[in-house]
There are 2 protein chains.
Amino acid sequence: MQPDAQLRELFTPESIAVVGASRSPLKLGHLILSNLISAGYRGTIFPVNPAGGEILGLTAYPSTADLPRPPDLGIIVLPREKVLEAMRDLADAKVDAICVITAGFRETGRDGFELEMEMADLARRRDITLLGPNTLGLFNTAINLNASIAQTMPARGSISFFSQSGALCSAILDWAEGESIGFSKFVSLGNKAGVSEADVIEALGDDPDTKVIIGYLESVDDGRRFLTRARAVTEKKPVIMIKAGTTPAGARATSSHTGSLAGSVEAGLAAFKQAGIIRVESLETLFDLARAFAEQPLPQGPNLTVVTNSGGPGILAADACEAAGLNLARPSQQTLDRLTRALPPFAAIYNPIDIIGDAKAERYRATLEAVAEDETSHAILVLLTPTASAEITETAQAIIDVSKTCDKPIFASFMGEERIGPGRDMLLAAGIPCYAYPEPAITAIAAMLAHYRWKNRPYPVEVCFRRDKGRAERTIDAALAAGMTELPFGDAMDIAASYELPVPETRLVRTSDQAVRAAKKMGYPVALKIESPHLTSRGEVDGVALDLHTPREVRDAWLDITTRAQRKRPDIYIAGCLVQTMGPVKAREVVVRFTQDPQFGPLISFCLAGPSAEILGDVSYRLAPLALHDVQDIVREIKSFPLLRGVRGEEPVNLAAIEDILLSMSQMATDFPEIREAVLNPILVDAEGAFVADLRVTVGPI
Amino acid sequence: MQPDAQLRELFTPESIAVVGASRSPLKLGHLILSNLISAGYRGTIFPVNPAGGEILGLTAYPSTADLPRPPDLGIIVLPREKVLEAMRDLADAKVDAICVITAGFRETGRDGFELEMEMADLARRRDITLLGPNTLGLFNTAINLNASIAQTMPARGSISFFSQSGALCSAILDWAEGESIGFSKFVSLGNKAGVSEADVIEALGDDPDTKVIIGYLESVDDGRRFLTRARAVTEKKPVIMIKAGTTPAGARATSSHTGSLAGSVEAGLAAFKQAGIIRVESLETLFDLARAFAEQPLPQGPNLTVVTNSGGPGILAADACEAAGLNLARPSQQTLDRLTRALPPFAAIYNPIDIIGDAKAERYRATLEAVAEDETSHAILVLLTPTASAEITETAQAIIDVSKTCDKPIFASFMGEERIGPGRDMLLAAGIPCYAYPEPAITAIAAMLAHYRWKNRPYPVEVCFRRDKGRAERTIDAALAAGMTELPFGDAMDIAASYELPVPETRLVRTSDQAVRAAKKMGYPVALKIESPHLTSRGEVDGVALDLHTPREVRDAWLDITTRAQRKRPDIYIAGCLVQTMGPVKAREVVVRFTQDPQFGPLISFCLAGPSAEILGDVSYRLAPLALHDVQDIVREIKSFPLLRGVRGEEPVNLAAIEDILLSMSQMATDFPEIREAVLNPILVDAEGAFVADLRVTVGPI
């Protein structure tokens, strides 16, 4: 069967066969059985072992064929060479799902890869949902199901987790136990021969027990599918993920670990962004955010109030706040009045509100009550240092009490470890995230605000541009038929014109006389550019003359360009020169480009022209198709954007003209996967409009 | 007396008077006395209390005058209004040092500020080392001295800490207790009326019990002094600091907290860098680094070996490694051979070395032994996830054993919390830093490498340039005498010429005839620029014409420029125009600038010309005087540096020419604090040399 959208066959099986169940406590086939039993699973467990008899108090069956009825889920814990046969037997026994714990497949080389392909194929043919191989297994705390070889079963909670690394799961479970945080579901993806991250994310999205999804991925298998599923899920609940292998060293380590080639890092990051996934860089942040999202409501705006008994940490919080793009709330006059009455004269009533080192719990309480009612504030962070006067547990209680009557998110940072411990534990037990430092609390608040804004973003406006798709198709087909990769300039221009891009008027001319006549028709000034199918760059022969104002200049330029080209590259055929109308003179220059990413499809990029954008990495990316807000974002996301808006009294450029070009390019990239790459460089843009001064189009069979 | 360079009078007093000692357990005057006693201080303690009698088993004296002999250190814990008198009494009793715990001075407004000034003045006049006011006090674990109101006294260790925030001290002590980390000395700086951060850093630098110095500062009082002292200390030991208030929001919070105006953020960051201080952004990193530096040797190079039982964390470590500028070591052939023999076939013997999930302690041991002997590796990071097979404490023991025979730094990340706990505790007790995640370990290794490189940097080459200081001085004095701030262009040029900067030949001319004659003498092409004492920018009246090639062009330009200026600004006096030789035509443009920072003195900056450097924040800073390596660094530090080195086959510009200009400007800035700001913008630079095309000099009385 096709995997159920909620993967019910994996998460809520009514009976489970453990193929490879073992009596020897040293074997995984023993561990998984004992885990199943000790977690308190209420369904039926069928150990399968050729020796039959009894294992851990359960009747063992010599073979799958001997089972009294078909199990919903089969778990395989056998040596690699026996796995395929066991799968066939389980298929014959009509299981819905199989989980293969055994490792040693794709990750070990060619033989393993082929074996894994056979398993995937079998599962597909027999309509079986396949998890793994090389998986740690899975959990579902709602039904006390620990179908894994991890030794700890977490408490029930609202966080669900999927991971491409099995060992990482064990680290996370150990962490969860130490931090007394609960989980709903847990899936170790393993080699993803069957169930993929896209399936899991969809299932967890539909799972009413899951409030927050966290995930660890090394590679994405079907990028477009993942993107679509994830975007649907993030409308409903936060998805927080760490993507490993985002640096060259990490990517090398990934491909040696998973045997899969890493796709483009930029495409992956764009996909996460466009799917509304909260991407984090470290495991620590992953956990910090998981707890925050699970336990607190989202802030409805950027204004944070910091209450502290110590100036220093207040300043550090203010620094972190600014760096994270949050504001310090300005307390309302009413709040200021209340604080003035409640606090001693040397307290700072402006935010950060410093209630000073001798503050006891009641001063915290009075301050928090005032702040909780202040509508200018969207979130509260309470800092406590263990001063001599600090009443740690009483302050924790005050925070808990106020949080019960307050609809804003409340976070705490009790700084220290030993003395503050009891207060921290009280807060955590009451669902108030409490961190050892102010910075992670602020990181969490900023991420929650981003998610709030994502959920409340305007409905995307899809724009469809007029285009002559047939005309472009004929040009591309002809080029492909001729075995070309880089299109001749004229053809590239033709495709651009089919998408109504603002390209210059262009004519191919064979003589200087023709050039002068063409220039007269188009109107001066014009540009003259060498045209040869054998040149990849005109710069190679210095083959461009710009801003020609008179017939004389055109003739001189013709002579210059053609003789230079012949001298420098006597081997090439020169088709003639292109005469082109010139774009605006005092324009700023930008670049729009797309490529086809093997995992995620068309990837559009935008930057300023010139080498510095690349050197400084000031390029923005989005996956096509782009909606209106995407093109607005992509233009504004580059750090150099102020140069387009105009600095020092300059006029802003026509941003709408750039946005139109981006939308057309998105359409082109989506229409024609055959176009491997298209680069408009430079696009001249001024206050009036935009003008594609040069472009390059590369095609290839899909 | 002047503070002893080691602050012995504070850190190792033989007797202490506590003025304001109290019988009431609720008072700080009781707390500090009981802290002194319970820490086990062996010197003499004199409680001073008007009521006399006995406090906590010690004889109390009614007044300082009644003390049997002069105490070395006096601690004051009295209401604010009695502090000054108590200081006078202690001075009469001939104390060497006074520590004022009492708060309510500078930080509370004008009255408090003036009182504090009186206290500082008294201390200076009577040769007393003054710590505070508004300090938490200090510790010295070597002599069991807890002269503070913090309730916890840390274990002995090799880390010393100074902090401008008292409450932060209590957080740190609490943290240290929880993490069982030891300290040597501990100073709460308070309001710094006497002892400053520069004094403390020097004292800790000389302290043989201190191996690592960590500090928290909100403001720096005498920047130059701090810089000099700190630089001397970092030659000997690491200084790790967090500077709060580095964002606008943080700076506002700082000035409201300390009552001191924050200096320029850039100058502060440059000072830290030039003093070799390791600056961190968060408290967490401060502690992580403190432990690493205290317990492990410095890596002697950038190559890190990662040993892991799980691929995922290995990839995360590789990512973090790349991001931190470290390399993954390439194991030597000998190591690869050893690993091949020692590890199962599916292990990854290349770095990260993945010894896979079923690894027990012995596999870790064999791998670590091989890696420890490999000279291509400079540091080792051991990752462990609590898999079913993991032997956690045994693995910790293997790491400890190998570390004893290995001169490389070794770090661990045992991932999780509950199950890995015992292993982590063993490692920490044995002096092996163990983090919950790989990332902080890598941050620590990178910081230690930076410190190693700092200590082993080449001896700075000081360069003194030829200059005509007298000529520059006359020009500046004349300008100041005339009450000018912005110098006329001619004067600015004159100063530049005194420092032998490569300025264009320039003449002020009054008529177009003169302009043509001047151009003839200089040689074409020339530039023509409007000159008026009333214009701050020539752009305002479009008053510049460049690249004039003929007498006709010069005449036309003269007419254009002067009539336009008269039309646009009829109110100004036009002195004429400047005729200038032109710089190279195909040059790249850079900017060199200096300002005088109130805290740190002359601050030099370097960037590319144009608005984008500013928008992208791609500017590098150094404090003058600059040594040769400083100017090399400042030029190479901007992200756009590749544009100067040449991209896409361009020739590199003459970097030495830029460096000479920077050195001359450093000299000028140091020679003349009266020059408030000097900006060379743009400097045209090509493969041949550099040319200062325009400059602006602002002066003001010191």
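## Exercises on a predicted two-chain model

Together, chain B and chain A bury about 5,700 Å², and 66% of that area is on carbon and sulfur atoms. The model is a predicted one.

**Exercise 1.** Determine which three residues supply the greatest part of the area that chain B buries against chain A, and how many residues are in contact.

*Solution.* Begin with the contacts: 73 residues of chain B touch 73 residues of chain A, with heavy atoms within 4.5 Å as the criterion. Next, rank the contributions on chain B. B:D174, B:I315 and B:Y437 supply 11% of the area that chain B buries against chain A, more than any other three residues.

**Exercise 2.** Describe the polar and charged character of the interface, and state which elements of chain B form its side.

*Solution.* Count the salt bridges between chain B and chain A: there are zero. Then count the polar contacts, for which 14 residue pairs across the interface qualify, both residues being at pLDDT 80 or more. The elements of chain B that each supply at least two residues to this side include α5 (166–178), α8 (248–258), α10 (283–295) and α11 (311–323), as well as the strand β13 (239–243). Also among them are α21 (611–616) and α23 (641–645). Finally, sort the residues of the side of chain B that touches chain A: 32 are nonpolar, 22 polar and 19 charged.

**Exercise 3.** Establish how chain B is related to chain A, and why the copies are said to meet through the same surface.

*Solution.* Superpose the chains: a turn of 180 degrees with a shift of 0.1 Å along the axis lays chain B on chain A with an RMSD of 0.1 Å. This is therefore the relation of a two-fold axis. Locate the axis next: among the residues of chain B, B:L616 comes closest to the rotation axis, its C-alpha being at 4.5 Å. Lastly, compare the two sides. Because 99% of the interface residues of chain B are also interface residues in chain A, the copies meet through the same surface.

**Exercise 4.** Find where the backbone of chain A has cis peptide bonds at A:P133 and A:P525, and where A:K192 has a positive phi.

*Solution.* Recall the usual case: most residues other than glycine have a negative phi, and most peptide bonds are trans. The bond from A:G132 to A:P133 is cis, with omega near 0 degrees, and A:P133 lies in the loop between β7 (129–131) and β8 (137–140). The bond from A:Y524 to A:P525 is likewise cis, with omega near -10 degrees; A:P525 is in the loop between α19 (512–522) and β22 (526–531). A:K192, which is not a glycine, has a positive phi of about 60 degrees and sits in the loop between β11 (183–188) and α6 (197–206).

Definitions and conventions
Residues are numbered from 1 along each chain as its sequence is written. Chains are lettered from A and ligands numbered from 1 in the order in which they are written. This is a predicted model: local features need pLDDT of at least 70, side-chain atom pairs count only at pLDDT 80 or more; totals for chains, interfaces and linings use all residues. Side-chain values use heavy atoms; hydrogens and water are left out. Buried area is the accessible area (1.4 Å probe) that two parts lose on being put together, summed over both. A salt bridge is a side-chain nitrogen of Lys or Arg within 4 Å of a carboxyl oxygen of Asp or Glu. A polar contact is a pair of N or O atoms within 3.5 Å; within protein, one must be able to donate a hydrogen and the other to accept it, and residues adjacent in sequence count only if both atoms are side-chain atoms. Helices (H or I, at least four residues) and strands (E, at least two) are DSSP runs, numbered from the N terminus. Ala, Val, Leu, Ile, Met, Phe, Trp, Tyr, Cys and Pro count as nonpolar, Asp, Glu, Lys and Arg as charged, and the others, Gly among them, as polar. Copies are superposed by least squares on the C-alpha atoms of residues with pLDDT of at least 70 in both.
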